[in-house]
Amino acid sequence: MHELSIATAIVEQAEEIARADGVDGVSSVTVRVGELAGVVPDALHFAFEVARDGTALAAARLVVEQVTARAWCGGCAEEFAVGMPPFFWCPRCDQPSQDLRSGRELEITGVEAVP
Ligand SMILES: [Zn+2]
């Protein structure tokens, strides 16, 4: 499963961050996941529960912040949501745009220590 390797990487990175801060246990880790990152949040939650076993994140909660995929339209000078599956077409001026500005994120944004 693709999400398991991602969850394992999240756990390893969060452990490193915690260790660098001198923290023994992590209570929660927050990740930003873009709509087009190819990650299913439910599958990621499930994989996280497997990956966290025996680590500093054994009791940690995974918080997934989903990021809407948005593209930029030069004609309107505005962003628009491309939807899922993505449709790269500005709804305002009815022109195509491939200029994706967000939606591919896959990053840790927070690691909370056990109080
Ligand atoms: Zn437009």
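**View 1. Three strands line up in the order S2-S1-S6 to form an open sheet with mixed pairing.** At the borders of this sheet sit strand S2 (61-67) and strand S6 (106-113), the edge strands, each of which pairs on one side only. From one strand to the next, the twist averages 20°. Please keep in mind, here and in the other views, that this is a predicted model.

**View 2. S1 and S6 run antiparallel to each other.** Strand S1 covers residues 26-34, and seven bridges join it to S6. Two pairs of facing residues help you find your way along this part of the sheet. Thr30 stands opposite Gly110 in S6. Arg32, in turn, has Glu107 of S6 opposite it. As a reminder for reading such views, strands of a sheet pair through backbone hydrogen bonds, and they do so either parallel or antiparallel.

**View 3. S1 and S2 run parallel, joined by seven bridges.** A handy landmark here is Val33, which stands opposite Gln66 in S2. With helix H2 included, the picture becomes a right-handed β-α-β unit made of S1, H2 and S2.

**View 4. Helix H2 lies across S1 and S2.** The helix takes in residues 41-51, and it runs at about 160° to S2. To place H2 within the fold, recall that it belongs to the right-handed β-α-β unit together with S1 and S2.

**View 5. Helix H1 and its residue His2.** Helix H1 comprises residues 2-20, and His2 is found in it. Is His2 buried or exposed? His2 counts as exposed, because it has 12 C-beta neighbours inside 10 Å, and a residue is called exposed at 12 or fewer. The unreviewed UniProt entry lists His2 under "binding site".

**View 6. A second open sheet has the strand order S4-S3-S5 and antiparallel pairing.** Three strands form this sheet. Its edge strands are strand S4 (78-81) and strand S5 (100-102), and each pairs on one side only. The twist in this sheet averages 40° from one strand to the next.

**View 7. S3 and S5 pair in the antiparallel sense.** Strand S3 is made of residues 70-73, and two bridges link it with S5. If you would like a residue to start from, look for Ala71, which stands opposite Leu100 in S5.

**View 8. The whole chain, for orientation.** Once the close-ups are familiar, it helps to step back. How many helices and strands does the chain have? The secondary structure comes to two helices and six strands. Read from the N terminus on, the elements follow the pattern α-β-α-β-β-β-β-β. The chain is more spread out than a compact globule, because its radius of gyration is 17 Å, well over the 13 Å that the globule rule gives for 115 residues. Along its principal axes, the C-alpha trace spans about 55 × 30 × 15 Å. Of the 115 residues, 24% count as buried. Finally, a word on contacts along the sequence: among those between residues at least 6 apart, 72% join residues at least 24 apart.

How values were computed: Residues numbered from 1 in each chain as written. Predicted model: local features only at pLDDT ≥ 70, side-chain atom pairs only at ≥ 80, totals over all residues. UniProt positions renumbered as here; feature names shortened; annotations may be inferred. Helix = DSSP H or I, 4+ residues; strand = E, 2+ residues; numbered from the N terminus. Buried ≥ 20, exposed ≤ 12 C-beta atoms within 10 Å, placed from the backbone. Rg over C-alpha atoms; globule rule 2.2 N^0.38 Å. Contact = placed C-beta atoms within 7 Å. Pairing = 2+ DSSP bridges. Axes fitted to C-alpha atoms, helices over the stretch in contact; angles between N-to-C directions. Right-handed = clockwise from strand over helix to strand, strands pointing away.
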